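Trainee: I'm new to this structure and would love a close look at a single part. Could you walk me through one pair of side chains that meet in a salt bridge, and then use that as a way into the rest?

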Amino acid sequence: MRGKDILTVLSTLRSHEDELATTIIHPDDTVTIGKWCETGQYEMRSVRVGGAVVSLEVPVRDFMVVDRQPLQTQIEKDKKRQKQSDKQQEAFYAPWQRVPEESLLGRDDYRTWLEENALPMREDVIATARQLAIEHDGHENDTIPCSHCKGIGEYESGCMCQDLRSSITDRHFQTVYDREEGPDPNCLRCHGEGSYTKPCYTCGGVGSMPLYPEIIIDDPAMNQRHRLRLDGAQLITSCPEILENLSIYTQSPYDDEVRVEKKVRIKWSQAIALMANIRQLGDEVVYVRYGESGEYIREFDDLFKETVVLANHKWSTKHGDIPIQRMSRRSETAERTSPRQLLDTFQKNLAMEYRSRISQWGNLSYEVVYSVSPERRIQDLRSALGARGLGIALLYEFIATGETGPALYASRGDELVAPLAQHYVVEKAVEPAWWRYLEYVDELPTYPDASA
């Protein structure tokens, strides 16, 4: 059984009577779909609140089976459902039909635009990047003002005391508040002003951020350490092969007008991976561990995920060349669409992205961790649980206020035995579930009858 098919069965969102259902894959390759229903009975539960133990009644819930069938049958049903969903999506976007480029090659005006504008885009970006990389040498310590605090290092934040008022409802159903609307004059934070000054969280109170930040990437598996300078022009110059050409051809649903859009874009995680000699195999996922004690871990492509369009041209059979509105509208069109302007903007966005979302306020070191793909890991997890007579179950539980996400459990029959992991998507929960299984494998029960 392929891991991709197992993930498809688990990740397919199912509901029964407007309630999210639970999916259980048993060791004998059968699937049970059911939901938890209240039985009308209650039992006493004790919880610790602060230093006191509080007892309360909670409803007893029982598992009601909605459907039970072989795993292969469920896989085929999910594939059929996915095909129907794809057809509905195609029908929704049908008015804008994709057309092949060959239908335009007979037009002289299109070939002229292609040769003069679209085809030289990639070479123009590379040439501009090489020139900027030379100009950037010697400017390693350049900074840019923080976009959040405008270079001040702090900003005014509204105080919560404006919304925090005590109230009671009297016997006439009238709500009485302890004070008037507005800020609390006794507030120790804003002193009745309604707002207070706090350090900027984007720049850490500095007011600026480095234009060319540096990061350290450790690769213990390869016994290598790389110190990289995040210079967009340098990344393109060092790895020009990662520049991607994207072509989109669409036809208007109202007339015979055909629109063409040509782009040159870069995913800078690919550039960093090439410069740091990070080689990702087909069945591997590269993670990055960071934080003062390595407590955070994210996928490499998710951490350095920005995809940037560095050049863009549009053309239509009705209007010819279409100017693209970019950057400041007060500048000339040629300046807004020039590779130099786009690369400079890319560098500023890269610096801001690094400071606010990646650096964690000065943490420059990242450790590369290689792991197998979720498709392969779900097979390992299912085999390991199956050897103990356990299955794998998925249900949706609360993550935070108003948010739910898939949670993986070890199961015995229709009973949930132990929680494994939870995330917003199933694929991201598989790897933590595997490591949790390895951590508590000795505490899991083993059943001799593996067909349960």
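Mentor: Happy to! Here, a salt bridge is a side-chain nitrogen of Lys or Arg within 4 Å of a carboxyl oxygen of Asp or Glu. Please keep in mind that you are looking at a predicted model.

Let's start with Asp231 and Arg229. Their side chains meet in a salt bridge, with 3.8 Å from N to O, which counts because the cut-off is 4 Å. Is each partner buried or exposed? Asp231 has a relative accessibility of 1%, so it counts as buried. Arg229 stands at 11%, and it is buried as well, because the limit for that word is 20%. Arg229 also has an aromatic partner: it lies over the face of Tyr212, 4.7 Å from the ring centre. Arg229 therefore takes part in a salt bridge and sits over a ring, since its charge is within the 6 Å allowed.

With that pair in mind, we can look at others. The structure holds 16 salt bridges, among them one between Glu257 and Arg259, whose closest N and O atoms are 3.3 Å apart. Here the partners fall into separate classes: Glu257 is buried, at 6% relative accessibility, whereas Arg259 is partly exposed, at 38%. Another salt bridge joins the side chains of Glu43 and Arg45, at 2.7 Å from N to O. In this case Glu43 is partly exposed, with a relative accessible area of 31%, and Arg45 is partly exposed too, at 45%. Salt bridges can also join up into a network, as they do for Arg377, Asp380 and Glu431.

Back to rings for a moment. Arg165 is placed over the face of Tyr177, 3.9 Å from the ring centre. Rings also pair with one another: the count comes to five aromatic pairs, and ring pairs link Tyr110, Trp113 and Trp315 into a cluster.

Now for some residues in their surroundings. Arg279 is found in the loop between helix 6 (268–275) and strand 17 (284–290). Leaving aside neighbours within four places in sequence, Arg279 is in contact with Leu274, Glu284 and Tyr370. Tyr370 is 91 residues away from Arg279 along the chain, yet their C-alpha atoms are separated by 9.7 Å. Gln74, for its part, lies in helix 2 (residues 71–92) and counts as buried, at 2% relative accessibility. Not counting residues up to four places away in sequence, Gln74 touches Val9, Arg14, Val31, Ile33, Asp67 and Gln69.

Finally, let's look along a whole helix. Helix 4 (residues 121–136) has 16 residues, which should span 22 Å at 1.5 Å a residue, and its end C-alpha atoms are 22 Å apart, so the two values agree. Which residues of helix 4 are buried? They are Met121, Val125, Ile126, Thr128, Ala129, Leu132, Ala133 and His136. Seen down the axis of helix 4, these buried residues fall within an arc of 170°, so they line one face of the helix. An α-helix has 3.6 residues a turn, so residues three or four places apart point the same way. Just after helix 4 comes Gly138, which takes a positive phi of about 90°.

If you return to the place where we began, look for Arg229 between its partners: Asp231 in the salt bridge and the ring of Tyr212, whose face it lies over.

Methods: Residues are numbered from 1 along each chain as its sequence is written. This is a predicted model: local features need pLDDT of at least 70, side-chain atom pairs count only at pLDDT 80 or more; totals for chains, interfaces and linings use all residues. Side-chain values use heavy atoms; hydrogens and water are left out. Rings of Phe, Tyr and Trp (its six-membered ring) pair if their centres lie within 6.5 Å; planes under 30 degrees apart count as stacked, over 60 as edge-to-face and the rest as tilted. A charge sits over a ring if NZ of Lys or CZ of Arg is within 6 Å of the ring centre and within 35 degrees of the ring normal. Helices (H or I, at least four residues) and strands (E, at least two) are DSSP runs, numbered from the N terminus. Buried means under 20% relative accessible area, exposed over 50%, partly exposed in between (1.4 Å probe, protein chains only). Contact means heavy atoms within 4.5 Å. The expected span of a helix is 1.5 Å times one less than its number of residues. The arc is that of the directions from the helix axis to the C-beta atoms.
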